[in-house]
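Work through two short exercises on the structure below. Try each task before reading its solution.

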Amino acid sequence: MVVSKAWTLHQHFQGFPKASDFHLREETLPQPRDGQVLLEAVFLSVDPYMRPYSQTMMKEGDVMIGSQVAKVIQSYNPSFPVGCHVVSDCGWRSHWVCDGAELTPVLPDWPQDIPLSLALGAIGMPGLTALYGLEEVCEIKKGETLLVNAAAGAVGSVVGQIAKIKGCRVVGCAGTDTKVSYLKQLGFDQVFNYKTVTSLEESLREAAPHGYDCYFENVGGKFSSVVMPQMREYGRIAVCGSISMYNDTTPQTGILSTPQTGKLSTPQTGILSTPQTGLLSTPQTGPYVHTYMIFKQLRMEGFLCARWKHKHQQSLRRLMAWMTEHITGTGPTTSLRGPHLVITATVSGMPDPVKTGTRTHT
Ligand SMILES: NC(=O)C1=CN([C@@H]2O[C@H](COP(=O)(O)OP(=O)(O)OC[C@H]3O[C@@H](n4cnc5c(N)ncnc54)[C@H](OP(=O)(O)O)[C@@H]3O)[C@@H](O)[C@H]2O)C=CC1
Ligand SMILES: CCCCCCCCC/C=C/C=O
């Protein structure tokens, strides 16, 4: 019998998550039966979606949602032999017994010199999100100019690198100078620290004086509204995330850029819906984007990476091929590198492994 450690949501988050919102408990797992496997966690991920999804998918006392790379340590299912690695959505727990229906094997022939943790990053859900946002939503084309924010994150760093592989000009924004240097090393054309620039509006304009064909939106809120006037005609906006809003306890208001003259440059404010509870029903304020969208003929589309689930396996192979080309030096000058921060900690070291673990950054 195996005793698993699991982190539960002790109480729903109010504002920024706190250690006291989590509780560590032990669970005695049943012996796996025919068709089942016993998993042991190797890497757990902490992702922004947990903040909004916990609100809608979880009740207090539930084990924290999340994906992990796990090793099969007992198997009564021939599809998942002992020793193989899988990606599982079983949450923040050290062990789990399941029948394999929800498991994704990591790519066969995963190269030894590529860290398995990337199955939760560049060659996992965040990498897929970057790829689909660029190809399916932005329909990005060679020669176009792309803007991505939260650019040094798991999604953003892959977005910029794929856009470079496709022959685009890439502008990225990040919140520390170390991240800015990192993005320059990855081959981004223009990068700046949005926290220290005097004017976001001017910095965006200097980085791309002719404007942006594509905007990969990870941040939302004020940032987004400053970008809108700088979109080019027929521009496309892939609304991937709005991390600046996930911890809000009151809705953000909407004036952001310095008002200029003219209808297309002055953001409006306003209330959108009747107050209710929950992220999706909380009223949000303007500015409203309609005038920009109409007169610049923009396309703005929200998406979830799971929409293209049927393509995941082939897409993961494409991401892996780009990364392998980088490592072997056989690919284009700009091929994919794994933004790779692993914090080595025990399961008990969650939810703040940064404090309890050892960081490895490559
Ligand atoms: N639609 C989909 O299917 C998916 C959407 N997402 C979304 O993509 C976005 C990026 O995710 P991911 O790369 O995994 O995230 P990471 O956790 O890797 O990076 C998040 C970064 O966002 C930036 N950030 C945090 N808070 C703020 C804020 N208040 N204002 C501006 N920037 C902030 C920080 O970087 P910095 O220091 O540069 O500010 C932070 O490091 C998120 O919005 C996420 O919800 C992710 C996966 C799937
Ligand atoms: C229980 C694990 C579920 C994994 C869901 C992944 C959803 C990604 C969509 C992200 C949206 C915003 O961040």
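Two exercises follow, one on a helix pair and one on a ligand site.

This is a predicted model, where local features need pLDDT of at least 70 and side-chain atom pairs count only at pLDDT 80 or more. Residues are numbered from 1 along each chain as its sequence is written.

**Exercise 1.** Describe how α2 packs on α3.

Step 1. Helix α2 spans residues 125-138 and helix α3 residues 156-165. Their axes lie 8 Å apart, at an angle of about 50°.

Step 2. That angle makes α2 oblique to α3 (not under 35, over 145 or 65 to 115 degrees). The crossing is right-handed.

Step 3. From α2, Gly 127, Ala 130, Leu 131 and Leu 134 make the contact (heavy atoms within 4.5 Å). From α3 come Val 158, Val 159, Ile 162 and Ala 163.

Step 4. These residues divide into 7 nonpolar, 1 polar and no charged.

**Exercise 2.** Which residues are around ligand 2?

Step 1. They are Tyr 49, Tyr 53, Ile 65, Gly 66, Asp 89 and Leu 304 (a heavy atom within 4 Å).

Step 2. Alone, ligand 2 exposes 420 Å², and the protein buries 77% of that (Shrake-Rupley method, 1.4 Å probe).

Step 3. The shell has 4 nonpolar, 1 polar and 1 charged residues.

How values were computed: Chains lettered and ligands numbered in written order. Heavy atoms only, no water. Axes fitted to C-alpha atoms, helices over the stretch in contact; angles between N-to-C directions. Helix = DSSP H or I, 4+ residues; strand = E, 2+ residues; numbered from the N terminus. Left-handed = near helix turned anticlockwise from the far one by under 90°. Nonpolar A, V, L, I, M, F, W, Y, C, P; charged D, E, K, R; others polar.
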